[in-house]
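Open the model in your viewer and keep the selection tool at hand. The stops below are meant to be taken in order.

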Amino acid sequence: MATFLKSATILEVNDVTVSEAFYREKLGFAPGNFFGEPPTFCVMGRDAVTLLLDKTRTHPRATPLNQYWALYIYVDDVDAVAAEIAARGVPFEREIETQDYGCRDFDVRDPDGHIVGIGQFLKG
């Protein structure tokens with residue numbers, strides 16, 4: 001059977017450069033690779049997480065059409081990541097909580113309204 005190697009999350013955004021700045025400056029992603037002039041697509045990452053920012057629609061929606069989380073990032077130390085992000089001035093949409101599904105996590109909201117969950121598996 002073939003092996004799945006990697007996945008990436010695609011987020012629809014209103015302004016690729018604004019979104020790239022948020023994920024780079026506030027969440028610590030590496031600078032993105034832009035495509036188009038003006039940019040309509042960007043590929044960026046942090047560690048094993050790849051994020052694709054896509055501006056393909058002509059009429060922006062008031063809120064993203066997605067489930068609760070548009071992106072969920074697993075980390076090895078949720079408290080350290082929360083402290084890092086708080087130090088960068090990012091307000092939490094939901095404070096750190098221990099969940100019944102075996103994670104300790106929190107949420108932030110990006111400039112397009114997407115909710116990003118950041119969590120750590122609890123040792124069971």
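The tour goes through a sheet, its hairpin, the salt bridges and the aromatic rings of this predicted model.

**Stop 1: the sheet**

Select strands 5, 6, 7 and 8. These four strands make an open sheet with mixed pairing, in the order 5-8-7-6. At the edges are strand 5 (71-74) and strand 6 (92-98), each of which pairs on one side only. From one strand to the next, the twist averages 15 degrees.

Now add helix 2, residues 78-87, to the selection. Helix 2 packs on the sheet and touches strand 6, strand 7 and strand 8 (115-121). The direction of the helix makes about 20 degrees with that of strand 7.

**Stop 2: strands 6 and 7**

Hide everything but strand 6 and strand 7 (residues 103-109). The two run antiparallel and are joined by four bridges. Phe92 has Val108 of strand 7 as its bridge partner. Further along, Arg94 stands opposite Asp107. Then go to the turn of this hairpin, where four residues lie between the strands. Gly102 takes a positive phi there, near 90 degrees.

**Stop 3: salt bridges on the hairpin**

Show side chains. The whole structure has ten salt bridges, and several can be visited from here.

Select Glu93 and Arg109, whose side chains meet in a salt bridge at 2.9 Å, N to O. Glu93 belongs to strand 6 and Arg109 to strand 7, so this pair ties together parts 16 residues apart in sequence. Glu93 is partly exposed at 41% relative accessibility, and Arg109 is also partly exposed, at 37%.

Next, select Arg94. Which side chains does Arg94 meet in salt bridges? One is Glu97, at 2.8 Å, N to O; another is Asp107, at 2.9 Å, N to O. Because Asp107 lies in strand 7 and Arg94 in strand 6, their pair ties together parts that are 13 residues apart in sequence. Is this pair buried or exposed? Both Asp107 and Arg94 are buried. For Arg94 the relative accessible area is 16%, so it falls in the buried class, which ends at under 20%. Glu97, in contrast, is partly exposed at 36% relative accessibility.

**Stop 4: aromatic rings**

Colour Phe, Tyr and Trp. A search of the whole structure gives nine aromatic pairs.

Start with Tyr23 and Phe29, which form an edge-to-face pair, 5.7 Å centre to centre with 80 degrees between the planes. Tyr23 is buried, with a relative accessible area of 0%; Phe29 is buried as well, with 5%.

Move to Tyr74 and Phe121. This pair is stacked, with 4.6 Å centre to centre and 10 degrees between the planes. Tyr74 is in strand 5 and Phe121 in strand 8, 47 residues apart, and the pair links these distant parts of the chain. Tyr74 counts as partly exposed at 47% relative accessibility, while Phe121 is exposed, with a relative accessible area of 53%. Widen the selection to Tyr68, Trp69, Tyr72 and Tyr101: together with Tyr74 and Phe121 they form one aromatic cluster.

**Stop 5: a loop glycine**

Finish at Gly36, in the loop between strand 2 (33-35) and strand 3 (41-46). Gly36 is partly exposed, with a relative accessible area of 48%. Draw a distance from its C-alpha to that of Ile85: the two residues are 49 apart in sequence and 30 Å apart in space.

How values were computed. Residues numbered from 1 in each chain as written. Predicted model: local features only at pLDDT ≥ 70, side-chain atom pairs only at ≥ 80, totals over all residues. Heavy atoms only, no water. Buried < 20%, exposed > 50% of the residue type's maximum accessible area, 1.4 Å probe, protein only. Pairing = 2+ DSSP bridges. Axes fitted to C-alpha atoms, helices over the stretch in contact; angles between N-to-C directions. Contact = heavy atoms within 4.5 Å. Phe/Tyr/Trp six-rings, centres within 6.5 Å; stacked < 30°, edge-to-face > 60°. Salt bridge = Lys/Arg side-chain N within 4 Å of Asp/Glu carboxyl O.
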